[in-house]
Amino acid sequence: MSKKLETKLVTAGRNKKWTHGVVNPPVQRASTVVFNTVAEKNAATIKRQGHTLFYGRRGTETHFSFQEAMVDVEGGAGCALYPCGAAAITNTILAFVEHGDHILMVDTCYEPTRDFCNIILKKMGIETTYYDPMIGEGIRELIRPNTKILFTESPGSYTMEVQDIPTLSKIAHEQDIIVMIDNTWGAGVNFSPFEFGVDISIQAATKYIVGHSDVMLGTSVANEKYWPQLREQSYLMGQCISPDDAYTGLRGLRTLGVRLKQHDTNALAVAKWLEQRPEVDHIRHPAFETCPGHEFYKRDFTGGNGLFSFVLKTSNKEATTALLDTVEHFSMGYSWGGFESLILANEPSTFDTMRTVANPHFTGTLVRVHIGLENVEDLIEDLARGLEAYNAVLNR
Ligand SMILES: Cc1ncc(COP(=O)(O)O)c(C=O)c1O
(Lines give C-alpha, C1' and ligand atoms only; values in the text may rest on other atoms or scores of the structure.)
Protein backbone atom coordinates (compact mmCIF):
# COMPACT_ATOMS: atom_id res chain seq x y z
CA MET A 1 0.00 0.00 0.00
CA SER A 2 1.20 3.51 -0.83
CA LYS A 3 2.97 5.25 2.06
CA LYS A 4 4.07 8.72 1.16
CA LEU A 5 6.08 10.82 3.55
CA GLU A 6 3.15 12.34 5.48
CA THR A 7 1.65 8.89 6.01
CA LYS A 8 5.01 7.49 7.09
CA LEU A 9 5.44 10.23 9.68
CA VAL A 10 2.09 9.29 11.21
CA THR A 11 2.53 5.51 11.11
CA ALA A 12 6.30 5.09 11.64
CA GLY A 13 7.25 2.82 14.52
CA ARG A 14 3.64 2.16 15.55
CA ASN A 15 4.13 -1.57 15.56
CA LYS A 16 1.49 -3.21 17.83
CA LYS A 17 4.37 -5.04 19.52
CA TRP A 18 5.45 -1.69 21.00
CA THR A 19 2.15 0.21 21.28
CA HIS A 20 0.07 -2.68 22.71
CA GLY A 21 -2.99 -1.33 20.96
CA VAL A 22 -2.87 2.32 22.01
CA VAL A 23 -1.77 5.10 19.66
CA ASN A 24 1.54 5.91 21.33
CA PRO A 25 3.88 3.35 22.90
CA PRO A 26 3.94 3.44 26.69
CA VAL A 27 7.14 4.83 28.19
CA GLN A 28 8.84 1.66 29.32
CA ARG A 29 11.52 2.36 31.91
CA ALA A 30 13.99 -0.38 32.69
CA SER A 31 17.49 -1.15 33.75
CA THR A 32 16.89 -4.77 34.68
CA VAL A 33 15.01 -7.14 32.44
CA VAL A 34 14.13 -10.42 34.17
CA PHE A 35 13.91 -13.92 32.71
CA ASN A 36 12.20 -16.93 34.19
CA THR A 37 13.99 -19.63 32.27
CA VAL A 38 17.55 -20.17 31.13
CA ALA A 39 16.32 -20.61 27.56
CA GLU A 40 14.60 -17.18 27.58
CA LYS A 41 17.67 -15.53 29.09
CA ASN A 42 20.01 -17.12 26.55
CA ALA A 43 17.80 -16.22 23.61
CA ALA A 44 17.65 -12.56 24.70
CA THR A 45 21.40 -12.42 25.28
CA ILE A 46 22.42 -13.52 21.80
CA LYS A 47 19.78 -11.55 19.88
CA ARG A 48 21.78 -8.36 19.77
CA GLN A 49 20.57 -7.43 16.32
CA GLY A 50 16.87 -7.78 17.01
CA HIS A 51 14.68 -5.62 19.16
CA THR A 52 14.57 -8.02 22.08
CA LEU A 53 14.37 -6.90 25.70
CA PHE A 54 17.67 -7.84 27.35
CA TYR A 55 19.01 -4.99 29.48
CA GLY A 56 17.96 -1.34 29.75
CA ARG A 57 21.09 -0.12 28.02
CA ARG A 58 20.15 -2.05 24.91
CA GLY A 59 16.77 -0.32 24.88
CA THR A 60 13.16 -0.92 25.81
CA GLU A 61 10.04 -1.06 23.67
CA THR A 62 9.85 2.74 23.60
CA HIS A 63 13.35 2.87 22.13
CA PHE A 64 12.60 0.09 19.65
CA SER A 65 9.56 1.99 18.44
CA PHE A 66 11.57 5.20 17.90
CA GLN A 67 14.45 3.30 16.24
CA GLU A 68 12.05 1.60 13.83
CA ALA A 69 10.33 4.91 13.15
CA MET A 70 13.62 6.57 12.19
CA VAL A 71 14.36 3.76 9.73
CA ASP A 72 10.81 3.99 8.30
CA VAL A 73 11.24 7.72 7.73
CA GLU A 74 14.91 8.08 6.76
CA GLY A 75 15.59 4.66 5.21
CA GLY A 76 18.58 2.47 6.08
CA ALA A 77 18.75 -0.70 8.12
CA GLY A 78 19.02 0.40 11.75
CA CYS A 79 19.18 3.41 14.03
CA ALA A 80 21.49 3.98 17.00
CA LEU A 81 20.38 6.47 19.64
CA TYR A 82 22.59 8.95 21.49
CA PRO A 83 22.10 11.51 24.24
CA CYS A 84 22.66 14.42 21.82
CA GLY A 85 23.63 15.21 18.23
CA ALA A 86 27.29 15.77 19.11
CA ALA A 87 27.45 12.29 20.70
CA ALA A 88 25.84 10.82 17.58
CA ILE A 89 28.50 12.43 15.37
CA THR A 90 31.52 11.52 17.49
CA ASN A 91 30.42 7.97 18.29
CA THR A 92 29.51 7.23 14.69
CA ILE A 93 32.95 8.36 13.52
CA LEU A 94 34.67 6.46 16.35
CA ALA A 95 32.83 3.28 15.41
CA PHE A 96 34.75 3.11 12.12
CA VAL A 97 38.26 4.50 12.68
CA GLU A 98 41.49 3.31 14.21
CA HIS A 99 45.00 4.60 14.74
CA GLY A 100 46.63 5.50 11.42
CA ASP A 101 43.39 6.24 9.57
CA HIS A 102 42.56 9.42 7.70
CA ILE A 103 39.22 11.15 7.35
CA LEU A 104 37.92 13.82 5.01
CA MET A 105 35.83 16.42 6.84
CA VAL A 106 33.84 19.19 5.18
CA ASP A 107 35.25 22.59 6.18
CA THR A 108 31.76 23.92 6.91
CA CYS A 109 31.01 21.30 9.56
CA TYR A 110 29.35 22.07 12.89
CA GLU A 111 32.11 23.61 15.02
CA PRO A 112 32.24 20.93 17.77
CA THR A 113 32.67 18.31 15.00
CA ARG A 114 35.83 20.18 13.96
CA ASP A 115 37.02 20.36 17.57
CA PHE A 116 36.46 16.62 17.95
CA CYS A 117 38.64 15.95 14.88
CA ASN A 118 41.34 18.40 15.95
CA ILE A 119 41.52 17.26 19.56
CA ILE A 120 40.21 13.71 20.05
CA LEU A 121 40.95 12.11 16.67
CA LYS A 122 44.37 13.76 16.55
CA LYS A 123 45.19 12.33 19.99
CA MET A 124 44.27 8.87 18.65
CA GLY A 125 46.60 9.23 15.65
CA ILE A 126 43.79 9.79 13.14
CA GLU A 127 44.40 12.56 10.65
CA THR A 128 41.72 14.93 9.31
CA THR A 129 41.83 16.80 6.01
CA TYR A 130 39.27 19.56 5.63
CA TYR A 131 37.79 20.01 2.17
CA ASP A 132 35.85 22.79 0.47
CA PRO A 133 32.09 21.99 0.49
CA MET A 134 32.00 22.90 -3.23
CA ILE A 135 34.90 20.59 -4.15
CA GLY A 136 32.82 18.07 -6.16
CA GLU A 137 35.03 15.85 -8.36
CA GLY A 138 38.11 17.47 -6.80
CA ILE A 139 37.65 15.24 -3.75
CA ARG A 140 39.54 12.53 -5.69
CA GLU A 141 42.83 14.34 -5.15
CA LEU A 142 42.40 14.35 -1.37
CA ILE A 143 41.75 10.63 -1.02
CA ARG A 144 44.62 8.61 0.46
CA PRO A 145 45.05 4.84 0.75
CA ASN A 146 44.17 5.13 4.47
CA THR A 147 41.08 7.34 4.02
CA LYS A 148 38.23 5.71 5.95
CA ILE A 149 35.43 8.27 6.09
CA LEU A 150 34.12 11.08 3.92
CA PHE A 151 32.06 13.25 6.25
CA THR A 152 29.55 15.70 4.78
CA GLU A 153 27.17 18.26 6.24
CA SER A 154 24.75 19.83 3.82
CA PRO A 155 23.95 22.68 3.96
CA GLY A 156 27.03 23.76 5.90
CA SER A 157 26.83 25.36 9.33
CA TYR A 158 26.25 29.14 9.19
CA THR A 159 27.38 29.67 5.58
CA MET A 160 24.83 27.16 4.17
CA GLU A 161 26.76 25.70 1.19
CA VAL A 162 24.84 22.75 -0.33
CA GLN A 163 27.09 19.82 -1.27
CA ASP A 164 26.94 17.61 -4.37
CA ILE A 165 26.36 14.46 -2.31
CA PRO A 166 25.77 12.01 -5.24
CA THR A 167 29.13 12.93 -6.84
CA LEU A 168 31.01 12.77 -3.55
CA SER A 169 29.41 9.43 -2.63
CA LYS A 170 30.18 7.89 -6.01
CA ILE A 171 33.86 8.81 -5.79
CA ALA A 172 34.16 7.72 -2.15
CA HIS A 173 32.59 4.35 -2.88
CA GLU A 174 35.12 3.64 -5.65
CA GLN A 175 37.66 3.42 -2.79
CA ASP A 176 35.29 1.77 -0.28
CA ILE A 177 35.22 4.93 1.85
CA ILE A 178 32.25 5.32 4.21
CA VAL A 179 30.06 8.33 3.43
CA MET A 180 28.47 10.01 6.45
CA ILE A 181 26.22 13.04 6.56
CA ASP A 182 25.15 15.38 9.31
CA ASN A 183 21.57 15.50 8.00
CA THR A 184 20.17 17.73 10.74
CA TRP A 185 19.05 20.51 8.37
CA GLY A 186 17.34 18.04 6.02
CA ALA A 187 15.70 16.53 9.13
CA GLY A 188 15.41 13.15 7.42
CA VAL A 189 12.44 14.33 5.36
CA ASN A 190 13.66 17.08 3.02
CA PHE A 191 16.79 15.18 1.97
CA SER A 192 16.77 11.39 1.65
CA PRO A 193 20.43 10.50 2.23
CA PHE A 194 20.30 6.85 1.21
CA GLU A 195 18.91 7.71 -2.23
CA PHE A 196 22.04 9.80 -2.85
CA GLY A 197 24.62 7.22 -1.81
CA VAL A 198 25.12 8.11 1.85
CA ASP A 199 25.97 5.15 4.12
CA ILE A 200 25.19 6.70 7.50
CA SER A 201 22.89 9.61 8.25
CA ILE A 202 23.31 11.43 11.55
CA GLN A 203 20.91 13.91 13.07
CA ALA A 204 20.84 16.21 16.04
CA ALA A 205 17.25 15.16 16.75
CA THR A 206 17.45 17.87 19.40
CA LYS A 207 16.49 20.21 16.55
CA TYR A 208 13.48 19.53 14.30
CA ILE A 209 12.61 15.98 15.32
CA VAL A 210 12.03 16.99 18.94
CA GLY A 211 10.99 20.41 17.66
CA HIS A 212 10.16 22.08 20.98
CA SER A 213 13.62 23.07 22.34
CA ASP A 214 13.30 20.86 25.39
CA VAL A 215 15.21 17.60 24.79
CA MET A 216 18.76 16.67 23.74
CA LEU A 217 18.79 13.71 21.35
CA GLY A 218 20.95 12.20 18.59
CA THR A 219 20.26 9.57 15.94
CA SER A 220 22.48 7.69 13.53
CA VAL A 221 20.83 5.61 10.81
CA ALA A 222 23.08 3.21 8.89
CA ASN A 223 22.59 1.09 5.78
CA GLU A 224 22.78 -2.75 5.75
CA LYS A 225 26.54 -2.73 5.24
CA TYR A 226 27.46 -0.58 8.23
CA TRP A 227 24.58 -1.12 10.68
CA PRO A 228 26.06 -4.18 12.48
CA GLN A 229 29.33 -2.40 13.25
CA LEU A 230 27.61 0.84 14.28
CA ARG A 231 25.19 -1.03 16.53
CA GLU A 232 27.91 -3.05 18.26
CA GLN A 233 30.33 -0.17 18.76
CA SER A 234 27.68 2.18 20.10
CA TYR A 235 26.60 -0.49 22.53
CA LEU A 236 30.20 -1.05 23.65
CA MET A 237 30.57 2.69 24.19
CA GLY A 238 27.54 2.56 26.50
CA GLN A 239 25.47 4.90 24.38
CA CYS A 240 21.83 5.00 25.39
CA ILE A 241 19.03 7.47 26.07
CA SER A 242 16.10 7.68 28.45
CA PRO A 243 12.78 6.20 27.27
CA ASP A 244 11.13 9.57 27.94
CA ASP A 245 13.45 11.18 25.39
CA ALA A 246 12.78 8.38 22.88
CA TYR A 247 9.06 9.01 23.39
CA THR A 248 9.52 12.73 22.80
CA GLY A 249 11.45 12.07 19.60
CA LEU A 250 8.73 9.76 18.40
CA ARG A 251 6.03 12.32 19.17
CA GLY A 252 8.00 15.00 17.35
CA LEU A 253 8.03 12.88 14.18
CA ARG A 254 4.23 13.03 13.99
CA THR A 255 4.17 16.77 13.33
CA LEU A 256 7.59 17.11 11.70
CA GLY A 257 6.22 17.42 8.17
CA VAL A 258 3.70 20.17 8.89
CA ARG A 259 6.07 22.07 11.15
CA LEU A 260 8.83 22.04 8.53
CA LYS A 261 6.45 23.28 5.83
CA GLN A 262 5.40 26.23 7.97
CA HIS A 263 9.00 27.02 9.00
CA ASP A 264 9.93 26.89 5.30
CA THR A 265 7.08 29.18 4.20
CA ASN A 266 7.85 31.70 6.96
CA ALA A 267 11.60 31.60 6.29
CA LEU A 268 11.17 32.15 2.55
CA ALA A 269 8.94 35.17 3.21
CA VAL A 270 11.47 36.68 5.62
CA ALA A 271 14.39 35.91 3.29
CA LYS A 272 12.60 37.56 0.33
CA TRP A 273 11.96 40.63 2.44
CA LEU A 274 15.58 40.74 3.62
CA GLU A 275 16.82 40.37 0.03
CA GLN A 276 15.25 43.78 -0.80
CA ARG A 277 16.77 45.55 2.18
CA PRO A 278 19.60 48.00 1.37
CA GLU A 279 21.65 46.80 4.38
CA VAL A 280 21.79 43.21 3.06
CA ASP A 281 24.55 42.07 0.72
CA HIS A 282 23.14 38.62 -0.02
CA ILE A 283 20.99 35.78 1.29
CA ARG A 284 22.48 32.42 2.28
CA HIS A 285 19.38 30.28 2.01
CA PRO A 286 19.69 27.16 -0.19
CA ALA A 287 16.56 28.18 -2.14
CA PHE A 288 18.27 31.40 -3.28
CA GLU A 289 20.67 31.62 -6.21
CA THR A 290 23.12 33.57 -4.04
CA CYS A 291 23.67 30.47 -1.88
CA PRO A 292 26.57 28.25 -3.05
CA GLY A 293 25.22 24.88 -4.16
CA HIS A 294 21.72 26.25 -4.88
CA GLU A 295 21.61 23.96 -7.96
CA PHE A 296 22.12 20.87 -5.76
CA TYR A 297 19.39 22.06 -3.42
CA LYS A 298 16.97 22.30 -6.35
CA ARG A 299 18.01 18.85 -7.59
CA ASP A 300 18.20 16.89 -4.32
CA PHE A 301 16.01 18.51 -1.65
CA THR A 302 12.22 18.48 -1.45
CA GLY A 303 11.93 21.52 0.81
CA GLY A 304 13.58 23.71 3.41
CA ASN A 305 13.03 24.81 6.99
CA GLY A 306 13.47 27.87 9.18
CA LEU A 307 17.26 28.12 9.34
CA PHE A 308 19.21 30.41 7.01
CA SER A 309 21.72 33.24 7.06
CA PHE A 310 22.12 36.64 5.44
CA VAL A 311 25.24 38.72 5.01
CA LEU A 312 25.16 42.44 5.74
CA LYS A 313 27.13 44.91 3.62
CA THR A 314 29.11 46.19 6.58
CA SER A 315 30.71 44.82 9.70
CA ASN A 316 30.15 47.07 12.66
CA LYS A 317 29.95 45.34 16.04
CA GLU A 318 28.15 48.19 17.75
CA ALA A 319 25.50 48.37 15.03
CA THR A 320 25.08 44.58 15.07
CA THR A 321 24.64 44.71 18.85
CA ALA A 322 21.90 47.32 18.39
CA LEU A 323 20.13 45.02 15.91
CA LEU A 324 20.36 41.99 18.21
CA ASP A 325 19.33 43.92 21.31
CA THR A 326 16.36 45.61 19.61
CA VAL A 327 14.54 42.61 18.13
CA GLU A 328 11.97 41.12 20.50
CA HIS A 329 10.59 38.09 18.70
CA PHE A 330 14.14 36.85 18.02
CA SER A 331 16.24 35.72 20.99
CA MET A 332 19.87 34.72 20.85
CA GLY A 333 20.24 30.96 21.23
CA TYR A 334 22.39 28.31 19.61
CA SER A 335 20.10 25.30 19.35
CA TRP A 336 17.63 25.82 16.52
CA GLY A 337 14.72 23.68 15.28
CA GLY A 338 12.17 24.64 17.95
CA PHE A 339 8.98 26.62 17.38
CA GLU A 340 10.64 29.93 18.30
CA SER A 341 12.64 32.44 16.27
CA LEU A 342 16.33 32.91 16.98
CA ILE A 343 19.12 35.18 15.81
CA LEU A 344 22.94 35.07 16.02
CA ALA A 345 25.61 37.19 14.36
CA ASN A 346 29.15 36.38 13.23
CA GLU A 347 31.61 39.10 12.28
CA PRO A 348 33.84 38.17 9.29
CA SER A 349 36.85 37.38 11.52
CA THR A 350 34.91 34.47 13.10
CA PHE A 351 35.51 32.48 9.93
CA ASP A 352 39.29 32.80 10.31
CA THR A 353 39.06 30.13 13.00
CA MET A 354 35.88 28.32 11.88
CA ARG A 355 37.25 27.58 8.38
CA THR A 356 40.62 26.40 7.09
CA VAL A 357 40.05 25.95 3.35
CA ALA A 358 36.69 27.60 2.59
CA ASN A 359 36.77 30.96 4.35
CA PRO A 360 34.11 33.04 2.57
CA HIS A 361 36.02 36.28 3.41
CA PHE A 362 32.84 38.30 3.88
CA THR A 363 33.25 42.02 4.33
CA GLY A 364 30.01 42.26 6.30
CA THR A 365 28.49 40.50 9.30
CA LEU A 366 26.79 37.15 8.76
CA VAL A 367 23.49 36.92 10.61
CA ARG A 368 21.95 33.49 11.11
CA VAL A 369 18.25 33.38 11.84
CA HIS A 370 15.93 30.57 12.74
CA ILE A 371 12.44 31.51 11.64
CA GLY A 372 9.90 30.03 13.99
CA LEU A 373 6.18 29.50 13.83
CA GLU A 374 5.17 33.04 14.85
CA ASN A 375 3.17 35.24 12.49
CA VAL A 376 5.57 36.17 9.70
CA GLU A 377 4.38 39.81 9.52
CA ASP A 378 5.27 40.23 13.20
CA LEU A 379 8.73 38.82 12.50
CA ILE A 380 9.33 41.13 9.53
CA GLU A 381 8.15 44.17 11.48
CA ASP A 382 10.50 43.20 14.30
CA LEU A 383 13.48 42.82 11.96
CA ALA A 384 12.65 46.20 10.39
CA ARG A 385 12.85 47.76 13.87
CA GLY A 386 16.14 45.97 14.44
CA LEU A 387 17.58 47.27 11.18
CA GLU A 388 16.45 50.79 12.05
CA ALA A 389 18.46 50.57 15.27
CA TYR A 390 21.36 49.13 13.24
CA ASN A 391 21.23 52.07 10.82
CA ALA A 392 20.96 54.58 13.65
CA VAL A 393 24.35 53.45 14.95
CA LEU A 394 25.91 53.33 11.47
CA ASN A 395 24.71 56.85 10.66
CA ARG A 396 25.73 58.37 13.94
C1 LIG B 1 24.33 20.82 12.24
C2 LIG B 1 24.39 20.40 13.68
N3 LIG B 1 24.83 19.18 13.96
C4 LIG B 1 24.93 18.75 15.23
C5 LIG B 1 24.58 19.56 16.29
C6 LIG B 1 24.76 19.05 17.68
O7 LIG B 1 23.56 18.68 18.27
P8 LIG B 1 23.36 18.60 19.84
O9 LIG B 1 23.23 20.01 20.31
O10 LIG B 1 22.13 17.80 20.02
O11 LIG B 1 24.57 17.95 20.42
C12 LIG B 1 24.11 20.84 16.03
C13 LIG B 1 23.72 21.73 17.15
O14 LIG B 1 23.59 22.92 17.01
C15 LIG B 1 24.02 21.29 14.69
O16 LIG B 1 23.61 22.52 14.38
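Let me begin with a term: a pocket, as I use it today, is an open set of grid points where a 1.4 Å probe fits, with protein on both sides within 12 Å along at least five of seven lines. With that in hand, and keeping in mind that what you have in front of you is a predicted model, I can say that the space taken by the ligand is the largest pocket.

Let us stay with the ligand for a moment. Which residues come nearest to the ligand? There are 13 residues around the ligand, and of these the nearest are Gly-85, Ala-86, Asp-182, Thr-206 and Lys-207. If you look at the shell by element, helix α5, which runs over residues 85–94, gives the most to it, with three residues.

Turning to the polar atoms, the side chain of Thr-206 has an N or O atom 2.6 Å from an oxygen atom of the ligand, and for Lys-207 a polar side-chain atom lies 2.9 Å from a ligand oxygen. Trp-336 also takes part, with an N or O atom of its side chain 3.1 Å from an oxygen atom of the ligand. On its own the ligand has 390 Å² of accessible area, and the protein covers 91% of that.

Now to the cysteines. How many disulfides does the structure hold? The number is zero. For Cys-79, which is in no disulfide, the nearest cysteine sulfur belongs to Cys-240 and is 14 Å away; Cys-79 itself counts as buried, because its relative accessibility is 1%. Cys-109 is likewise in no disulfide, and here the nearest cysteine sulfur, that of Cys-117, is 6.3 Å away, whereas a disulfide would need the two sulfur atoms within 2.5 Å. Cys-109 is buried as well, with a relative accessible area of 3%.

Let me move on to another part of the chain, around strand β8. Glu-279 sits in the loop between α9, residues 243–275, and β8, residues 280–284. Is Glu-279 buried or exposed? Its relative accessibility is 8%, so Glu-279 counts as buried, and its side chain makes a polar contact, at 2.6 Å, with the side chain of Asn-391.

Within strand β8 itself we find His-282, which also counts as buried, because its relative accessibility is 14% and the cut-off for buried is under 20%. As a last point, His-282 and Glu-381 stand 99 residues apart in sequence, and from C-alpha to C-alpha they are 20 Å apart in space.

Note on methods:
Residues are numbered from 1 along each chain as its sequence is written. This is a predicted model: local features need pLDDT of at least 70, side-chain atom pairs count only at pLDDT 80 or more; totals for chains, interfaces and linings use all residues. Side-chain values use heavy atoms; hydrogens and water are left out. Buried means under 20% relative accessible area, exposed over 50%, partly exposed in between (1.4 Å probe, protein chains only). A residue is near a molecule or strand if one of its heavy atoms lies within 4 Å of it. A polar contact is a pair of N or O atoms within 3.5 Å; within protein, one must be able to donate a hydrogen and the other to accept it, and residues adjacent in sequence count only if both atoms are side-chain atoms. Accessible areas come from the Shrake-Rupley method with a 1.4 Å probe; for residues, only the protein chains shown count as cover. On a 1 Å grid over the protein atoms alone, a cavity is a set of points where a 1.4 Å probe fits but cannot get out, and a pocket is an open set with protein on both sides within 12 Å along at least five of seven lines; lining residues have an atom within 4 Å of a point. A molecule sits in a cavity or pocket if more than half of its atoms lie within 2 Å of its grid points. Helices (H or I, at least four residues) and strands (E, at least two) are DSSP runs, numbered from the N terminus.
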